Amino acid sequence: MISASSKKNTLWVQIKKSRNLYLFVIPAIVFYLIFHYSPMYFLQVAFRDYRLTRPLEASPWVQFKYFDQLFTTREFWTAFMNTLSISIQKLVFSFPIPIILAVLLNEIQNARAKQIYQTIIYLPHFISWVIISGIIYSFTAVPDGLFNKILDLFGAEPIIFLGEKKLFQPILVIS
C-alpha cells in the first residue's frame, strides 16, 4: 500500500518534470481567472440596491426586485418580441445565403473570375460595423440619403427609413 506522503511526493516529482508544460498553461489560467471568474463577483449587482456612491458590500440585498420590475413592464415584452423576431429573421435569411454562394462559386470554371468574386464577397467582412452602419445611415438619411434622392428624382416624398416601424427590421436584417 502506498502512503499519502509518497503519493504527494510522486505528484510533485511529476509536476517538476513537466514544469515547462505547466508554465505554458499559466497564461490561460490567468486569462480565465481575470475575464471569466472575477466578473462573477459583480453579478450580485443585479440582486442589490447598488449605487455608485457606496461600495458593493454596503448595498442592501433586494432579491428579485429589479427582475420583477423588468418582467412586469410592457416595454420589456415588446423589446423581447422584437429581439426574437430579428433573430429569427437573421437566422432564416443569413443561414442559407453562404451555402448558396459557396455552391455558386464552386460552379465557376474560370479560376481568375472565381478569385475576383470571392474577394468581392468577403470584402465586407473586413469593414467595421461602425462604418457599415454609417454607410446604411447615409443611404437612408432623410433629406440627402441616396434612397431619398432617388425617390426625389421620381417626385415621391422622402421616407424616414430608420424611423418607420415596418422598414427598420428589414433594413437591420439586410445589413
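Author: A residue counts as buried when its relative accessible area is under 20%, as exposed when that area is over 50%, and as partly exposed in between, with a 1.4 Å probe and protein chains only. By that rule Arg51, at 40% relative accessibility, counts as partly exposed. The structure is a predicted model, in which local features need pLDDT of at least 70 and side-chain atom pairs count only at pLDDT 80 or more, while totals for chains, interfaces and linings use all residues. Residues are numbered from 1 along each chain as its sequence is written, and side-chain values use heavy atoms, with hydrogens and water left out.

Reader: How should I read a salt bridge, and which residue pairs with Arg51 in one?

Author: Side chains of opposite charge can pair when their charged atoms come close. The rule applied here asks for a side-chain nitrogen of Lys or Arg within 4 Å of a carboxyl oxygen of Asp or Glu, and by it the count comes to three salt bridges. Arg51 meets Asp49, with 3.1 Å from N to O, and Asp49 is buried, with a relative accessible area of 16%. Asp49 also meets the side chain of Arg54, at 3.6 Å from N to O, and Arg54 counts as partly exposed at 26% relative accessibility.

Reader: Which residue forms a salt bridge with Lys149, and is Lys149 buried or partly exposed?

Author: Lys149 pairs with Asp144, the closest N and O atoms being 3.7 Å apart. Lys149 is partly exposed, with a relative accessible area of 41%, whereas Asp144, at 56% relative accessibility, counts as exposed. Through shared partners, salt bridges join Asp49, Arg51 and Arg54 into one network.

Reader: Where is Ser59 placed, and with which side chain does the side chain of Ser59 make a polar contact?

Author: Helices here are DSSP runs of H or I with at least four residues, strands are runs of E with at least two, and both are numbered from the N terminus. Ser59 lies in the loop between α2 (19-37) and α3 (65-72), and it counts as buried because its relative accessibility is 2%. A polar contact is a pair of N or O atoms within 3.5 Å; within protein, one must be able to donate a hydrogen and the other to accept it, and residues adjacent in sequence count only if both atoms are side-chain atoms. The side chain of Ser59 makes such a contact with the side chain of Arg54 at 3.5 Å, and it also reaches the backbone oxygen of Pro55 at 3.3 Å. If contact is taken as heavy atoms within 4.5 Å, and neighbours within four places in sequence are left aside, Ser59 is in contact with Arg48, Asp49, Tyr50, Arg51 and Arg54.

Reader: How is a pocket recognised, and what volume has the largest pocket?

Author: Rolling a probe the size of a water molecule over the atoms shows where empty space is left. On a 1 Å grid over the protein atoms alone, a pocket is an open set of points where a 1.4 Å probe fits, with protein on both sides within 12 Å along at least five of seven lines, and lining residues have an atom within 4 Å of a point. Grid points are joined across faces, edges and corners, and a volume is the space filled by probe spheres set on the points. The largest pocket holds about 730 Å³ of space. Of the 21 residues that line the largest pocket, Ser94, Ile97, His125, Ile174 and Ser175 are the closest to its centre. Two or more lining residues come from each of α4 (74-94), α5 (96-107), α6 (111-122), α7 (129-140) and α9 (165-174), and α5 gives the largest share, five residues.

Reader: Which classes of residue make up the linings of the largest pocket and the second largest pocket?

Author: Ala, Val, Leu, Ile, Met, Phe, Trp, Tyr, Cys and Pro count as nonpolar, Asp, Glu, Lys and Arg as charged, and the others, Gly among them, as polar. The lining of the largest pocket has 16 nonpolar, four polar and one charged residues. The second largest pocket, with a volume of about 220 Å³, has nine nonpolar, two polar and no charged residues in its lining, and the largest share of that lining, five residues, comes from α7.
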